[in-house]
Amino acid sequence: MTIAAGTDDNRQRWAWFWLIACLGVVAIQILTQYLMGRLWICECGYVKLWEGVVKSSGNSQHITDWYTPSHIIHGFLFYGLGHLLLRGKPLSARLLLATVIESAWEIAENTPMVINRYRSATISLDYFGDSILNSTMDTLAMASGFLLASRLPMAVTVAIAIVLELFTAWTVRDNLTLNVLMLVWPLDAVKAWQAGL
């Protein structure tokens, strides 16, 4: 009994360690973006819960937008990756891996090189990077997706991802799949279709 209690106590301590490490990674993301000169909030001077216009200066500047579902799907994918790479490790350790990957992407996404790639290869002609608020919320959206995937059956997680991808493709002609495609291998036909919105 004492050994089991000690083991549970030890597991709980490690879980807290991994969770605090996740917060540390997000803090590093925020500090790095601040040092990169990113704005805390939208240049407009106010914060909105939802920015529904993709082709606007407010896109990627507020709490949520049409790209939030993509970050939730990141969480689904990173949960699967953590399950493969860290099998047998606690959920909080796998969440740390996911947070490191997402935060690294959020930092890279806001470098001049990636911003210019978005502007030249995608429909995001007016994209000048994320606000720190939006970037942080993207990381939290990923964590939400990760935790959802840890609780839901895999078939339900996959179904949600497909619905989110189809819905955003239909609504704003963009989604995670198209975003990756257009960054890696831009197609004029896709760009023309997206611009027709």
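Axes here are lines fitted to C-alpha atoms, for helices over the stretch in contact, and angles between their N-to-C directions run from 0 to 180 degrees. With that in hand, welcome to a set of close-up views of a predicted model.

**View 1. Helix α4 packs against helix α7 in this predicted model.** Two packed helices are described by the angle between their axes and the distance between the axes. For α4 (residues 112–121) and α7 (residues 176–184), the angle is about 100 degrees and the axes are 9 Å apart. Angles of 65 to 115 degrees count as roughly perpendicular, and α4 and α7 are therefore roughly perpendicular to each other. On the α4 side, the residues to look for are R117, Y118 and A121. They meet N179, M182, L183 and V184 of α7. Sorted by class, this contact has five nonpolar residues, one polar and one charged.

**View 2. Helix α3 crosses helix α4.** Here the axes of α3 (residues 91–109) and α4 come within 6 Å, and they cross at roughly 75 degrees. This pair, α3 and α4, is therefore roughly perpendicular as well. From α3, the residues W105, A108 and E109 take part, and they meet V114, I115 and Y118 in α4. The class count for the contact of α3 with α4 is five nonpolar, no polar and one charged. Y118 is worth a second glance: it touches α3 residues in this view and α7 residues in View 1.

**View 3. K55 and S60 sit in the loop between β1 and β2.** The loop joins β1 (50–51) to β2 (64–65), and K55 lies within it. At 44% relative accessibility, K55 counts as partly exposed. Its C-alpha atom is 9.8 Å from that of A195, although K55 and A195 are 140 residues apart along the chain. S60, in the loop between β1 and β2 too, has 7% relative accessibility and so counts as buried. For those who like backbone torsions, phi of S60 is near 65 degrees, a positive value in a residue other than glycine. Most residues other than glycine have a negative phi.

**View 4. R173 lies in the loop between α6 and α7.** This loop follows α6 (154–172) and leads to α7. R173 is another residue other than glycine with a positive phi, near 55 degrees. Is R173 buried or partly exposed? Its relative accessibility is 22%, and it therefore counts as partly exposed; the cut-off for buried is under 20%.

**View 5. A189 is found in helix α8.** Helix α8 covers residues 188–195. A189 has 61% relative accessibility, so it counts as exposed. Measuring tools in your viewer can be set on A189 and D8: their C-alpha atoms are 56 Å apart in space, with their positions 181 residues apart in sequence.

**View 6. The whole chain, for orientation, has eight helices and two strands.** Read along the sequence, these elements follow the pattern α-β-β-α-α-α-α-α-α-α. The radius of gyration is 18 Å, close to the 16 Å that the globule rule gives for 197 residues, so the chain is as compact as a globular protein of that length. Along its principal axes, the C-alpha trace spans about 65 × 40 × 30 Å. Buried residues make up 41% of the 197 residues. Among contacts between residues at least 6 apart in sequence, 67% join residues at least 24 apart. The accessible surface comes to about 11100 Å², and 72% of it belongs to carbon and sulfur atoms.

Key:
Residues are numbered from 1 along each chain as its sequence is written. This is a predicted model: local features need pLDDT of at least 70, side-chain atom pairs count only at pLDDT 80 or more; totals for chains, interfaces and linings use all residues. Side-chain values use heavy atoms; hydrogens and water are left out. Helices (H or I, at least four residues) and strands (E, at least two) are DSSP runs, numbered from the N terminus. Angles under 35 degrees count as roughly parallel, over 145 as roughly antiparallel, 65 to 115 as roughly perpendicular and the rest as oblique. Contact means heavy atoms within 4.5 Å. Ala, Val, Leu, Ile, Met, Phe, Trp, Tyr, Cys and Pro count as nonpolar, Asp, Glu, Lys and Arg as charged, and the others, Gly among them, as polar. The radius of gyration is taken over C-alpha atoms; the globule rule is 2.2 Å times the number of residues to the power 0.38. Buried means under 20% relative accessible area, exposed over 50%, partly exposed in between (1.4 Å probe, protein chains only). Accessible areas come from the Shrake-Rupley method with a 1.4 Å probe; for residues, only the protein chains shown count as cover.
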